[in-house]
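Reader: Hi! I'd like to go through this one with you before I head back to the bench. Could you pull it up?

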Amino acid sequence: MNTKQLGYVNSALFGLMAALHLLRLVQQWPATIAGWSVPLWLSAVALAAAGLMSYWNYKASLKK
């Protein structure tokens, strides 16, 4: 797998993670990790981070 293909794969994976965080925000699904209730605002931060990383990986894979 070359660098360009890896960029596309990373972009798709980060895009999927962003979509799942968006779905959690819209549906207001509860999340618990080791007894700790994860607040919804943390998914908003993760949505922004995953969305940016998806975009940056896609843009980087377009370059030569």
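Reader: Let's start with glutamine 28: is it buried or exposed?
Author: Happy to help, and please keep in mind that this is a predicted model. Glutamine 28 is exposed, because its relative accessible area is 56% and the cut-off for exposed is over 50%.

Reader: And where does glutamine 28 sit?
Author: You'll find glutamine 28 in the loop that lies between helix H1 (3-27) and strand S1 (32-33).

Reader: What about the phi of glutamine 28?
Author: That phi is near 55°, so to speak on the positive side, in a residue other than glycine. For background, most residues other than glycine have a negative phi.

Reader: Ok, on to alanine 34. What is its phi?
Author: Alanine 34 is not a glycine, yet it has a positive phi of about 50°. Its place is the loop between S1 and strand S2 (36-37).

Reader: Is alanine 34 buried or exposed?
Author: Exposed: the relative accessible area of alanine 34 is 84%.

Reader: Switching topic, which residues form the nonpolar patch on the surface?
Author: The patch is formed by Ile33, Trp36, Trp41, Leu42 and Val45. Together they have about 550 Å² of accessible area.

Reader: Which element gives the largest share of that patch?
Author: Helix H2 (residues 40-62) does, with three residues.

Reader: Let me pick out tryptophan 41. Where is it found, and why does it count as exposed?
Author: Tryptophan 41 is found in helix H2. It counts as exposed because its relative accessibility is 58%, and the cut-off is over 50%.

Reader: Now the helices. At what angle do the axes of H1 and H2 cross?
Author: They cross at roughly 160°, and the axes come within 8 Å. Angles over 145 degrees count as roughly antiparallel, so that is how H1 and H2 run relative to each other.

Reader: Is the crossing left-handed or right-handed?
Author: H1 passes H2 in a left-handed crossing.

Reader: Last one, glycine 51. Where is it placed, and how far is its C-alpha atom from that of leucine 16?
Author: Glycine 51 is in helix H2. Its C-alpha atom and that of leucine 16 are separated by 9.0 Å, while the two residues are 35 residues apart along the chain.

Reader: And why does glycine 51 count as partly exposed?
Author: Because its relative accessibility is 28%, which falls in between the cut-offs of under 20% for buried and over 50% for exposed.

Note on methods:
Residues numbered from 1 in each chain as written. Predicted model: local features only at pLDDT ≥ 70, side-chain atom pairs only at ≥ 80, totals over all residues. Heavy atoms only, no water. Patch = residues over 30% accessible without salt bridge, like charges linked within 9 Å, V, L, I, M, F, W, Y side chains within 5 Å. Areas by Shrake-Rupley, 256 points an atom, 1.4 Å probe, with all protein chains shown as cover. Salt bridge = Lys/Arg side-chain N within 4 Å of Asp/Glu carboxyl O. Helix = DSSP H or I, 4+ residues; strand = E, 2+ residues; numbered from the N terminus. Buried < 20%, exposed > 50% of the residue type's maximum accessible area, 1.4 Å probe, protein only. Axes fitted to C-alpha atoms, helices over the stretch in contact; angles between N-to-C directions. Parallel < 35°, antiparallel > 145°, perpendicular 65-115°, else oblique. Left-handed = near helix turned anticlockwise from the far one by under 90°.
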